[in-house]
Amino acid sequence: QAVGAEEMLLVYDFGGGTLDVTILEMIHGVLDVRTSHGVAELGGKDMDAAIVGWAMNEFQRTTPGAALGRDSERRLKPKAEAAKKLLSTYDSAALVVENFAVADGEPVDLNLTLTRSTFEELIRPKIAVSLQAVDDALKKAGITRDHITKVLLVGGTTWIPAVRTAVLERIGRPAVSGCDPDLAVSLGACLSAALAAGQVDTAKSIVVQDVCTYGLGTLTVKHVGGIVALAYEELMPPNTPIPYTVTRTGFSLLRVDQDEMELDLVQDLRGDAVWPDDTVPTGCSGTLTGIPPSTTGEPHDVTMEFRYDANGIVQLRAYLPDLDEFELTLTHNTAGLQASDAVLKGRTLDVLWEESPLAPQYAMWIRRASSVIAESPSNSAAIESALVELKTKISLGDEEAARKACERLVDLLTEA
């Protein structure tokens with residue numbers, strides 16, 4: 001609809017587990033994704049968790065001394081989700097869990113009433129985080145809220161009245177009517193599939209111009225700040241429209257007798273990477289071996305070709321122009337590799353978490369976990385996994401997710 005319109009759209013996609021804010025510009029049938037920004041660990045599940053926490057505290061306050069069962073909290077979670085949905089329509093919702101605890105040898109039910117106003121107070125911090133994501137997306141796109149002509153709300157969490165109101169107040173305009181938050185994603189997927197399959201008349205349809213929100217590149221030895229060191233070489237900056245292709249020349253091997261060359265594809269989360277420790281390894285790497293010595297007295301030249309197609313497939317080809325048979329091609333599927341929840345590994349992770357403002361409050365637990373892992377307890381694999389998760393959330397600056405990850409780590413350390 002309205003293919004020929006000129007619009008600046010903001011899509012606020014708040015689902016069960018993640019939040020994504022996307023800015024799109026429509027010009028003469030071309031839908032250009034200006035930028036996308038999100039929070040990987042924020043969604044409807046966090047609203048459920050807020051209700052669960054409130055209910056547990058209320059129950060323990062009104063029923064002191066009651067002993068909770070092992071599965072009390074687990075049985076409360078689906079009730080909390082149901083109450084959340086009811087509060088989108090009604091002013092209050094009942095939370096009832098039979099045989100929730102035991103007091104004086106007798107079973108005790110949990111029976112509470114949660115009002116919409118109390119619920120809104122509980123989730124206010126979550127909404128604030130989502131609005132910050134809106135501000136960040138606008139900033140990355142280089143526009144203000146006054147440039148937005150339409151707002152689309154997507155995802156089940158946007159049924160919550162407080163969420164809808166907060167977005168309206170932040171952007172200054174209501175959401176587009178007739179857009180079902182629960183169906184928007186599936187309808188969009190169907191339209192994308194139809195466009196890709198050529199089942200839509202191109203004269204009457206849109207052309208979608210997507211972007212990659214993070215940067216991609218490789219590592220090379222070069223002069224940086226007056227020193228020669230291994231550094232990041234950008235091949236595609238963040239928020240580059242895709243598909244994208246670039247050929248880079250001016251590289252060479254280090255020595256005339258160098259017989260192998262290593263190639264790594266790395267990700268730049270923030271758009272300001274300089275050193276290897278500023279990047280995130282994608283796990284895509286290779287080595288070209290058996291290179292004969294140069295006969296010109298100068299090291300072999302190297303040319304790099306980089307491609308990022310519309311399906312998220314990256315191809316990085318490095319070859320020696322004077323040796324036709326010597327080339328190395330890396331292919332990587334970026335599906336699932338998002339800036340907001342990238343898996344930070346190895347030395348990069350160890351550097352990034354220590355630089356985070358959140359590091360001091362968790363440093364003690366990280367040191368203790370490292371010491372416990374060295375003792376090889378039966379659950380060392382689980383502890384190591386939890387430790388990586390905690391460092392990751394600290395590195396990404398996600399305070400709430402870091403708190404949850406630390407709680408999981410502490411539980412595992414207690415069991416060790």
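# Close-up views of a predicted model

**View 1. Val228 and a nonpolar patch on the surface.** Start at Val228, which sits in strand 10, the stretch covering residues 227-236. Before going further, keep in mind that this is a predicted model. Is Val228 buried or exposed? With a relative accessible area of 55%, Val228 is exposed, because anything over 50% gets that label. Val228 also has company: together with Val221, Leu230 and Leu254, Val228 makes a nonpolar surface patch of about 350 Å².

**View 2. An aromatic pair, Phe59 with Phe100.** The structure has 3 aromatic pairs. One of them joins Phe59 and Phe100, whose rings meet edge-to-face, with 5.0 Å from centre to centre and 80° between the planes. Why does this pair tie together parts that are 41 residues apart in sequence? Phe59 belongs to helix 1 (residues 44-62) while Phe100 belongs to strand 5 (residues 92-103), so the contact links those two parts. Both rings belong to buried residues: Phe59 is buried, and Phe100 is too.

**View 3. Two cysteines without a bond.** How many disulfides does the structure hold? The count is 0. Take Cys212, which is in no disulfide: the nearest cysteine sulfur belongs to Cys284 and is 14 Å away. Now look from the other end. The sulfur of Cys284 has Cys212 as its closest cysteine partner, but 14 Å is too far for a bond, because a disulfide needs the two sulfur atoms within 2.5 Å. As for their surroundings, Cys212 is buried at 1% relative accessibility, and Cys284 is buried as well, at 10%.

**View 4. A salt bridge along helix 2.** Here Glu81 and Lys85 form a salt bridge, and their closest N and O atoms are 3.7 Å apart. How many residues apart are Glu81 and Lys85 in helix 2? They are 4 residues apart in this helix (residues 72-86), so about one helical turn separates them. Glu81 is partly exposed, at 33% relative accessible area, whereas Lys85 is exposed, at 54%. Here's the general idea: side chains with opposite charges can pair when their charged atoms come close.

**View 5. More salt bridges.** The structure has 17 salt bridges in total. Arg34 pairs with Glu25, and 3.0 Å separates the closest N and O atoms. Arg34 itself is partly exposed, with a relative accessibility of 25%. Another bridge joins Asp257 to Arg255, where the closest N and O atoms are 3.1 Å apart. Asp257 counts as partly exposed at 46% relative accessibility, and Arg255 is partly exposed too, at 44%. Then there's a group affair: a network of salt bridges links Lys126, Glu400, Arg403 and Glu407.

**View 6. Helix 8 and what follows.** What span should helix 8 have, counting 1.5 Å a residue? Its 16 residues (380-395) should cover 22 Å, and the end C-alpha atoms are indeed 22 Å apart, so the two values agree. The helix has a set of buried residues, among them Ile383, Ala386, Leu387 and Leu390. Charged names turn up in that buried set too, including Lys391 and Lys393. Just past the helix comes Gly397, with a positive phi of about 70°.

**View 7. Asn99 and Asp104, two residues with positive phi.** Most residues other than glycine have a negative phi, and most peptide bonds are trans. Asn99 goes the other way, with a positive phi near 50°. Asn99 is part of strand 5 and is partly exposed, at 48% relative accessibility. Asp104 has a positive phi as well, near 55°. Where is Asp104? Look in the loop between strand 5 and strand 6 (106-115). Is Asp104 buried or exposed? Its relative accessible area is 81%, so Asp104 is exposed.

**View 8. A cis peptide bond before Pro243.** Which peptide bond is this view about? The bond runs from Ile242 to Pro243, and it is cis, with omega near 5°. Pro243 is found in the loop that connects strand 11 (240-242) and strand 12 (244-252).

Key. Residues numbered from 1 in each chain as written. Heavy atoms only, no water. Phe/Tyr/Trp six-rings, centres within 6.5 Å; stacked < 30°, edge-to-face > 60°. Buried < 20%, exposed > 50% of the residue type's maximum accessible area, 1.4 Å probe, protein only. Patch = residues over 30% accessible without salt bridge, like charges linked within 9 Å, V, L, I, M, F, W, Y side chains within 5 Å. Areas by Shrake-Rupley, 256 points an atom, 1.4 Å probe, with all protein chains shown as cover. Salt bridge = Lys/Arg side-chain N within 4 Å of Asp/Glu carboxyl O. Expected span 1.5 Å × (residues − 1).
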